[in-house]
Amino acid sequence: MINVAQSPLIQDLFSITSKPCLSLYLPTHRTQPERRDDQTRYRQLVRYLSDSLRTTYDDDGMVDLLAPFRELERDESFWNSRRQGLAVFRAPGVFITQHLDRSVPEIAVVADHFHVKPLFRILQTLDAYHVLCLTRESAQLYVGNRDGLEEVRFATGPVLLISEVLGEELSDPGFSNSNSGGTDRIVPHTTVEDEIDKDTERFFRHVDRIVMEIASRPTGLPLVVASLPEQTALFRRLSRNPNLVEDSIVVNPFGIEMRELVQRAWETMRPYALAESQSLIEAYDEAAGHQEGIDGIFSIAQAAVEGRIDTLFVEDSREIPGKIDEQTGKVVFDDLAMPDVNDLLDEIARIVLKHGGTVIVLPTNIMPTSSGAAAILRY
């Protein structure tokens, strides 16, 4: 699992010190009729930011802060390229927009720091994996999760072809002359099927090496193969990839729609993602049994500012509005509508990352505690 603090976007957001910090998240849609409402809901979220700013800022200050949001609303090329979600960040001298490949909750927050917890859920690799679509003649690689898949390009493009890999080495059946009964004949040394099998083996070995080099080794993500049974069995026999999972997607991957591939990939990988989640929960339970795992916002906030948290678990759908004194760890609950108030879970996560800890966002049903947060201590 990667540390989300290594994300360039998270690093950029953490480096910004100007205030106030405006954060907007919107789930978006690529198809009608849902997509026609996206800009309407975006305007509503911008209005919420305006209402929050109005409690502290004069009209001129508000106009300046909100102007880029208004311009973005009218940018049709931006809205035409939408994906599954949208994140927008604004501070004095800063305006960042990010299309997201995963849906996010509708959120609009004005605070002293950017609201980044929705990004953690997207960036963490807890339920991420690679999907290798494979036939005798071609290979295509994706990275994704339960919500979608994105192409991983090879050096030659999005699809790797056997003709590109083998080139002039692509076999033709060998022939030789034979004389039987006084008549010259041409007979094959091997059958066409034998030569095809040899080419397929060489192609699959090459695909296996390339996938390990550009995907599996750098990320450590599990790999699932989508292919017909014969090709899957051959690739599995030849592969040296330790990340290759036991289950596969039995299908001609180039004969189905992307939506079905996403669904079948998640059905295959879901048990692996749940198993990894369960191992994390067991690690917390064991730590708690040795007084190295803590629960409760007050104790976790205190440990966070002291740099004592190794791993922080936060609940993805939970918000606890408030502020943290980063010198003392003191927590004050407040109203999220106020322009200097953020989600405490978001603030604690930011502090933990700043001290080199790991943050894991989990759904409610597998959180190890009911407080919205849990932590494994370094000491």
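**Strands, a helix face and a pocket**

Strand β15, residues 321–324, pairs with β17 in the antiparallel sense, over 2 bridges. That is our way in. Keep in mind that the model is predicted.

Look at one position in that pairing. G322 stands opposite N342, which sits in β17. Now widen the view. β15 and β17 belong to an open sheet of 3 strands. The order is β16-β15-β17, and the pairing is antiparallel. Which are the edge strands? They are β16, residues 331–333, and β17, residues 342–343. Each of these two pairs on one side only.

What holds paired strands together? Strands of a sheet pair through backbone hydrogen bonds, either parallel or antiparallel.

A helix joins the picture here. Helix α10, residues 297–305, lies across β15 and β16. Its direction makes an angle of about 135° with β16.

Next, the loop between β16 and β17. A337 is found there. Is A337 buried or exposed? Neither label fits. Its relative accessibility is 27%, so A337 counts as partly exposed. The cut-offs are under 20% for buried and over 50% for exposed. Leaving aside neighbours within four places in sequence, A337 is in contact with Y48 and S52. Now take A108. A337 and A108 are 229 residues apart along the chain. Their C-alpha atoms are separated by 9.0 Å.

A108 brings us to another strand pair. In β4, A108 is the bridge partner of L24. The strands involved are β1 and β4, residues 107–111. They pair in the antiparallel sense over 5 bridges. β1 also pairs with β2, residues 85–91. That pairing is antiparallel too, with 6 bridges. One position to find: Y25 stands opposite A87 in β2.

How many residues of β1 are buried? The strand runs from 21 to 27, and 7 of its 7 residues are buried. Follow the side chains along β1. C21, S23, Y25 and P27 point one way. L22, L24 and L26 point the other way. Both groups are buried.

On to a second open sheet. This one has 4 strands, in the order β13-β19-β14-β18, and the pairing is mixed. Its edge strands are β13, residues 293–295, and β18, residues 358–362. Each pairs on one side only. From one strand to the next, the twist averages 20°. Pick out β14, residues 309–315. β14 and β18 pair in the parallel sense over 5 bridges. Within that pair, E315 has L362 in β18 as its bridge partner.

Now to helices. Take α8, residues 229–238. Its buried residues are Q231, T232, L234, F235 and L238. Why do they line one face of the helix? Seen down the axis of α8, they fall within an arc of 165°, so they line one face. Turn the helix round. The face away from the buried side carries the exposed residues P229, E230 and R237.

Helix α7 gives us a single residue to check. S216 lies in α7. S216 has a relative accessibility of 3%, so it counts as buried. Not counting residues up to four places away in sequence, S216 touches V211, L221, N241 and N243.

α7 also leads to the largest pocket. First, the idea behind finding one. Rolling a probe the size of a water molecule over the atoms shows where empty space is left. The largest pocket has a volume of about 1,200 Å³. It is lined by 41 residues. Which lie nearest its centre? They are D101, R102, G148, L149 and E150. Several elements give two or more residues to the lining, among them β3, α5 and α9. Which element gives the most? It is α7, with 4 residues.

β6, residues 138–145, and β7, residues 148–152, are also on that list of elements. So let us finish inside β6, with G144. At 9% relative accessibility, G144 counts as buried. Beyond its neighbours within four places in sequence, G144 is in contact with D127, A128, Y129 and L149. One last distance. G144 and D310 are 166 residues apart along the chain. Their C-alpha atoms are separated by 27 Å.

Technical notes:
Residues numbered from 1 in each chain as written. Predicted model: local features only at pLDDT ≥ 70, side-chain atom pairs only at ≥ 80, totals over all residues. Heavy atoms only, no water. Pairing = 2+ DSSP bridges. Contact = heavy atoms within 4.5 Å. Axes fitted to C-alpha atoms, helices over the stretch in contact; angles between N-to-C directions. Buried < 20%, exposed > 50% of the residue type's maximum accessible area, 1.4 Å probe, protein only. Arc of directions from axis to C-beta. 1 Å grid on protein atoms, 1.4 Å probe; cavity = no way out; pocket = protein on both sides within 12 Å on 5 of 7 lines; lining within 4 Å. Points joined across faces, edges and corners; volume = space filled by probe spheres on them.
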